[in-house]
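Hi,

Here is the structure I said I would pass on. Have a look at it first, and my notes follow underneath.

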Amino acid sequence: MALKSVFLVTLVVDDYDRAKTYYCDVLGFECLEDSHQPDGKRWVVVSPCKGTGAALLLAVAANDKQTAVIGKQTGGRVGFFLETDDFLSDYARLKAAGVAFREAPRSEPYGTVAVFADLYGNLWDLIEPQPEK
């Protein structure tokens, strides 16, 4: 048996519904699952594209230590990378939806990219990779 892929990444949030609304209604992710757990928690999984790549498990902070890292899980570095095949269209749609871009789009050897902050301040790259040659 071989390891297959990273399929979920936990993102600590302050409220399930607030986070789900942002990722689904603002960023356009799909909610793959939202189920209640016996301990009062919920299993909320969102993804930009059903069935491909990793999804986010939205997990409400359970204590002060977890609350303190909301929006800072990667220490101020870009920690999440959102791939697109139509950068200009997605950039315009996200900007119109109120997404806080930290910079203008730029061209890099690996593709077109712009950094944005999510609802909590986590940094994301919106990237359209350069076509393979």
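**What I found**

F116 counts as buried because its relative accessible area is 0% (buried means under 20%, exposed over 50% and partly exposed in between, with a 1.4 Å probe and protein chains only). Before going on, a word on the source: this is a predicted model, where local features need pLDDT of at least 70, side-chain atom pairs count only at pLDDT 80 or more, and totals for chains, interfaces and linings use all residues. Residues are numbered from 1 along each chain as its sequence is written, and side-chain values use heavy atoms, with hydrogens and water left out.

Back to F116, which sits in strand β8 (helices are DSSP runs of H or I with at least four residues, strands are runs of E with at least two, and both are numbered from the N terminus). Leaving aside neighbours within four places in sequence, F116 is in contact with Y22, L27, L82, V99, A100, F101, R102, N122, L123, W124 and L126 (contact means heavy atoms within 4.5 Å). From F116 to F80 the C-alpha distance is 10.0 Å, with their positions 36 residues apart in sequence.

**The core**

F116 also turns up, with Y23, L56 and L58, among the residues with the most contacts inside the largest nonpolar core, which has 29 residues (such a core is a set of buried Ala, Val, Leu, Ile, Met, Phe, Trp, Tyr and Cys residues joined through side-chain atoms within 4.5 Å). Two or more residues each come from β1 (8-13), α1, β3 (42-47), β4 (55-60), β5 (78-83), α3 (87-96), β8 (111-117) and β9 (123-129). The largest share, six residues, is from α1.

**Helix α1**

This helix covers residues 16-26, and Y16, A19, Y22, Y23, C24 and V26 are buried in it. At the N-terminal end, D15 acts as the cap, with a side-chain oxygen 3.1 Å from the backbone nitrogen of D17 (a polar contact is a pair of N or O atoms within 3.5 Å; within protein one must be able to donate a hydrogen and the other to accept it, and residues adjacent in sequence count only if both atoms are side-chain atoms). T21 belongs to α1 too, and is partly exposed because its relative accessible area is 43%. A polar atom of the T21 side chain lies 2.9 Å from the backbone oxygen of D17. After α1 comes G28, with a positive phi near 90°.

**The largest pocket**

Its volume is about 520 Å³. The lining has 23 residues, with P48, A54, F81, L82 and E83 nearest the centre. (On a 1 Å grid over the protein atoms alone, a pocket is an open set of points where a 1.4 Å probe fits, with protein on both sides within 12 Å along at least five of seven lines; lining residues have an atom within 4 Å of a point. Points are joined across faces, edges and corners, and the volume is the space filled by probe spheres set on them.) β4, β5, α3 and β9 each give two or more residues to the lining, and β5 gives the most, five.

**Two strand residues**

S47 lies in β3 and counts as buried because its relative accessibility is 2%. Its side chain reaches the backbone oxygen of C49 at 3.2 Å. A59, in β4, is 5.8 Å from V13, C-alpha to C-alpha, although the two are 46 residues apart in sequence.

Cheers
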